[in-house]
Amino acid sequence: MLIKTNANGFDHAVPSEITPQSVYAGRRDLIKLMAIGAAGAAMAGWAGREAMAQVAKPGKLAALPGVKSAVAGAVIMEKVTDYKDVSTYNNFYEFGVDKADPAKNAHTLVTKPWSVAVEGLVKQPKSYTLEDLIKLSPQEERIYRMRCVEGWSMVIPWVGYSLSELIKKVEPLSSAKYVEFITLADPKTMPFVGSRVLEWPYVEALRLDEAMHPLALLTFGMYGEVLPNQNGAPVRMVLPWKYGFKSGKSIVKIRFTDKEPRTAWNKAAAQEYGFYSNVNPMVDHPRWSQATERRIGEDGLFAKKRKTLMYNGYEAQVASLYAGMDLKKNF
């Protein structure tokens, strides 16, 4: 089921399509608990959960090791989420709106050859091959908290380097204020491109100072391997202080501009998804609270939720970017 957005002429998903499977399955379980008793409900709910967990992870992928990062905040000492969960609970609408769809459907994505065009307000525009991008700077392993807007979180060891390394190479003009990231939109290899869930291609963007922050990671791998297709192969952004949808996947173009770009979810529902999309527990999504979260792998029906941290726990590193801003207006 989709909600019509008349102003833009396209549809976007209802909560059951953008809420994690475990969460809305849990709601159904609660109803069943009241209707038919705890034993039957628990069996039904966990049967569905276990079925999703059986989605096959990709085989061993090519190694992509990285040295531990020296960037402040880049390595947190928390339990890492299981690879199985990270590679089977995904938001990647080009391959379906259900959390399990990308792992089932993204095998069709062709990642070689691949290039990323850097253009716009820069002195050195260039089209980089994937190999050139990887060689541009030494790879680092960074263990980041990642937060989804619907209330779930993960801890993931990513492999990449600070986007600032690429930005310095292309030399933005003084007029450049924003960086736009454009995802591949190929209906031949991405079966949901062309659907009315979002406008295509998927676009995300940052202010230039956000993009230059050392924590903003141009990412090629995770868990010491190259990225699986469903996690945004072969190159994506990772922005740990923002909600996950800000981290564009399968990037084919990076554009520098002087005007704030219209981004995918902001175009779909501006009242729900602001340009900044920083993790802020004091600003609720119109349809759910952001004050707490569940860690994937610890999200059983009766598991205790965690308190959401400001900027996803990266306040010390990034709060200065937003000094003096009204964080409820600029959400």
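**Notes on the salt bridges, the sheet and the cavity**

1. K267 is a good place to begin: its relative accessibility is 15%, so this lysine counts as buried, the cut-off for that word being under 20%. Please keep in mind as you read on that this is a predicted model.

2. Which residue does K267 form a salt bridge with? The partner is E199, and the closest N and O atoms of the pair are 3.2 Å apart. With a relative accessible area of 31%, E199 is partly exposed, whereas K267 is buried. Look at where the two sit: K267 belongs to helix α9 (residues 264-268) and E199 to the loop between β8 and β9, so their contact ties together parts that are 68 residues apart in sequence.

3. Now turn to R255 and E180, whose side chains meet in a salt bridge of 2.7 Å, N to O. Here R255 is found in strand β13 (residues 251-257) and E180 in strand β8, so this pair ties together parts that lie 75 residues apart in sequence. Is each partner buried or exposed? R255 is partly exposed, at a relative accessible area of 25%. E180 counts as buried, at 11% relative accessibility.

4. That pair also has company. A network of salt bridges links E119, E180, K253 and R255. It is worth picking out these four side chains on your screen, R255 and E180 being the two you have just met.

5. One more pair deserves a look: R306 and E298 form a salt bridge, with 3.0 Å between the closest N and O atoms. R306 is partly exposed, having a relative accessible area of 32%, and E298 is partly exposed too, with 34%. How many salt bridges does the structure hold? The count is 18.

6. Next comes the sheet. Strands of a sheet pair through backbone hydrogen bonds, and they do this in a parallel or an antiparallel way. In this model, five strands make an open sheet with mixed pairing, in the order β5-β4-β13-β8-β9. Its edge strands are β5 (126-129) and β9 (203-207), each of which pairs on one side only. From one strand to the next, the twist averages 20°. You can spot β13 and β8 in that order; they are the strands that hold R255 and E180.

7. For a closer view of one pairing, follow β8 (residues 178-183) alongside β9. These two strands pair in the antiparallel sense, over five bridges. Which residue of β9 does F181 stand opposite? It is E204.

8. Finally, consider the space inside. A search of the whole structure finds one cavity of 30 Å³ or more. The largest cavity has a volume of about 480 Å³. Of the 29 residues that line it, N90, N91, G244, F245 and K249 are the closest to its centre. The elements giving two or more residues to this lining are β6 (140-147) and β7 (152-162). Strand β7 provides the largest share, with four residues.

9. What classes of residue make up the lining of the largest cavity? There are 17 nonpolar residues, seven polar ones and five charged ones. As you go round the lining, try locating K249 and F245, two of the residues closest to the centre, and then trace β7, which supplies four residues.

Definitions and conventions. Residues are numbered from 1 along each chain as its sequence is written. This is a predicted model: local features need pLDDT of at least 70, side-chain atom pairs count only at pLDDT 80 or more; totals for chains, interfaces and linings use all residues. Side-chain values use heavy atoms; hydrogens and water are left out. On a 1 Å grid over the protein atoms alone, a cavity is a set of points where a 1.4 Å probe fits but cannot get out, and a pocket is an open set with protein on both sides within 12 Å along at least five of seven lines; lining residues have an atom within 4 Å of a point. Grid points are joined across faces, edges and corners, and a volume is the space filled by probe spheres set on the points. Ala, Val, Leu, Ile, Met, Phe, Trp, Tyr, Cys and Pro count as nonpolar, Asp, Glu, Lys and Arg as charged, and the others, Gly among them, as polar. Two strands pair if DSSP finds at least two bridges between them. Axes are lines fitted to C-alpha atoms, for helices over the stretch in contact, and angles run from 0 to 180 degrees between N-to-C directions. Buried means under 20% relative accessible area, exposed over 50%, partly exposed in between (1.4 Å probe, protein chains only).
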